[in-house]
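Colleague: I should like to understand how the terms used for this structure are justified. May I put some questions to you?

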Amino acid sequence: MRALCAVVVGLLLCGPGVAEAAKLRTQHTGTVNLNEASAAELDLLPGVGEKAAQRIIAHRQKRPFKRVEELVRVKGFGKKKFLKLKAHLALSGPTTLRVEQVPAPPERKEVSATND
């Protein structure tokens with residue numbers, strides 16, 4: 001915790017150029033097996049919290065998922081949320097989802113040409 005505070009204070013003291021360069025974004029890679037993942041593993045999915053993970057587990061105990069699209073039958077998961085998660089969902093194999101903090105790509109500044 002102290003190390004994190006020291007980094008934050010250091011970035012603030014160095015000025016905006018360094019602080020902006022240190023911006024991070026969350027990157028999710030891998031998949032989650034909907035039929036076997038633990039609550040903690042389901043919680044790693046973007047936009048899925050502890051309560052939603054518990055609802056997924058309760059649903060699969062009654063009826064295992066046969067298609068990833070069946071996730072929309074779980075309360076709190078509509079088409080929009082499903083589409084965000086689809087790339088990370090599987091029905092077989094191990095759960096391999098990893099969440100990492102990676103540097104954000106630099107912001108593009110649009111340059112407009114002017115004829116004077």
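Colleague: Leaving aside its neighbours within four places in sequence, which residues is Arg60 in contact with?

Modeller: Please bear in mind that this is a predicted model. In it, Arg60 is in contact with Asn33, Leu34, Asn35, Glu36, Ala37, Leu42 and Phe65, once neighbours within four places in sequence are set aside. Arg60 itself is found in helix α4. One of these partners, Glu36, is 24 residues apart from Arg60 along the chain, and their C-alpha atoms are separated by 9.0 Å.

Colleague: Why is Arg60 called buried?

Modeller: The word applies to a relative accessible area under 20%. Arg60 has 15%, and therefore Arg60 counts as buried.

Colleague: What makes the pairing of Glu69 and Arg67 a salt bridge?

Modeller: The rule asks for a side-chain nitrogen of Lys or Arg within 4 Å of a carboxyl oxygen of Asp or Glu. The N to O distance between Arg67 and Glu69 is 3.5 Å, so the pair qualifies. By this rule the count comes to one salt bridge. In general, side chains of opposite charge can pair when their charged atoms come close.

Colleague: Are Glu69 and Arg67 buried, partly exposed or exposed, and how do you know?

Modeller: Partly exposed covers the range between under 20% and over 50%. Glu69 has a relative accessibility of 30% and Arg67 has 49%, so both are partly exposed.

Colleague: How do you know that the charged end of Lys81 sits over the ring of Phe77?

Modeller: Part of the test is that NZ of Lys lies within 6 Å of the ring centre. For Lys81 the distance to the centre of the Phe77 ring is 5.0 Å, so this part is met. The test also includes an angle of within 35 degrees of the ring normal, and the charged end of Lys81 is listed as sitting over the ring.

Colleague: Which residues have the most contacts inside the largest nonpolar core?

Modeller: They are Leu34, Leu42, Leu45, Ile56, Leu71, Phe77 and Leu89, in a core of 19 residues. Helices α4 (50-62) and α5 (79-85) each supply at least two residues of this core, and α4 gives the most, with four. Leu89 touches Val32, Leu34, Leu45, Val68, Leu71 and Phe82, not counting residues up to four places away in sequence.

Terms used:
Residues numbered from 1 in each chain as written. Predicted model: local features only at pLDDT ≥ 70, side-chain atom pairs only at ≥ 80, totals over all residues. Heavy atoms only, no water. Buried < 20%, exposed > 50% of the residue type's maximum accessible area, 1.4 Å probe, protein only. Core = buried A, V, L, I, M, F, W, Y, C linked by side-chain atoms within 4.5 Å. Contact = heavy atoms within 4.5 Å.
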